[in-house]
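Biologist: Could you walk me through this one? I'd like to ask a few questions while we look at it.

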Amino acid sequence: MKTIMVVCGSGIATSTVAEGKIRDYLQSKGDLDKVKTYKGNIAQYVNNVDDYDVFVSTVVVPDNIKDKVINAVPLLTGIGTDKVYDQIMDKLGFEK
Amino acid sequence: MLFDKDVILFDKEATDNKDALGILADSLYKVGCVNKEFKPAILERESNFPTALNTETIGVAIPHTDADKVIEPQIGFMRLKNPVHFLQMGDNSDVQVKLIFMLALKKSDDQLKMLQTLMGLFQNKETLTQLETINDKNEFLKIMKNVGIIK
């Protein structure tokens, strides 16, 4: 089972929306049953980036983990969503 | 329901984003939807984790904070007379914000659909244009019903 962590500032609002979008996308690809999604706030999980196959954030993350984190804001604005899904699928090792 | 306390403000003048957030947070406090800690928490969170989004047409912001400051779920809406400067969520780029939806929400999964709908609204140029031009609360509520944010 692959794992995805979705974080925002509070773990309530935008992470919930981004998680929903990602789940819908995985469902459409038939991959949802292979993935477990989690959500939380950045402060709580900032040191656990390596514990998940994919780490997605709607907020700015510290520079030292920046390269490992996918920016999920396009999932909220609708501008550039394909790129985000591509990055997620790459990290999961699933076919796009 | 989410807009029933009438925190729906048109063409407010604000000197900067803190001023704008303060006006809206005070309004939510006055109608009893949030506690005293809500306003400082909103301001602090905005400076740590900005909430503005550049849509294809105008800047919007969705300030929010932890659920424990919320007494009754509510969304406060404010349209600014003149846009004020915010930072964009996720990358701290500049956004001139015209519309603010202040989310006072409790932790709950049934809000997912509503939040998704609200984000969907930001991708709908026609609705955003309507929100820029309308002038009364009933029209606002009608739009919120049409797009499915409230029933």
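Biologist: What is the mean pLDDT of chain B?
Modeller: Keep in mind that this is a predicted model, so we start with the predictor's confidence in each residue, which runs from 0 to 100. In chain B, 98% of the residues reach 70 or more. The mean pLDDT of chain B is 93.

Biologist: And which element of chain B has the lowest mean pLDDT?
Modeller: At the top end sits helix α1 (residues 17–30) of chain B, with a mean of 98. The lowest mean, 82, belongs to α3(B).

Biologist: Which element gives the largest share of the side of chain B that touches chain A?
Modeller: Overall, 24 residues of chain B are in contact with 17 residues of chain A. On chain B's side, α2 (38–48), β2 (52–54) and α3 (111–121) each supply at least two residues. The largest share is four residues, and it comes from α3(B).

Biologist: Okay, now the sheet. Which strands of chain B stand at the edges?
Modeller: Five strands form an open, mixed sheet in chain B, in the order β1-β4-β5-β3-β2. The two edge strands each have a single partner, so one side of each is left without a neighbour in the sheet. Those strands are β1 (8–12) and β2 of chain B.

Biologist: Which residue of β4(B) does B:I8 stand opposite?
Modeller: Strand β4 (residues 74–87) of chain B runs parallel to β1(B), and three bridges join them. Opposite B:I8, in β4(B), stands B:F77.

Note on methods
Residues are numbered from 1 along each chain as its sequence is written. Chains are lettered from A and ligands numbered from 1 in the order in which they are written. This is a predicted model: local features need pLDDT of at least 70, side-chain atom pairs count only at pLDDT 80 or more; totals for chains, interfaces and linings use all residues. Two residues are in contact if their C-beta atoms, placed from the backbone, lie within 7 Å. Two strands pair if DSSP finds at least two bridges between them.
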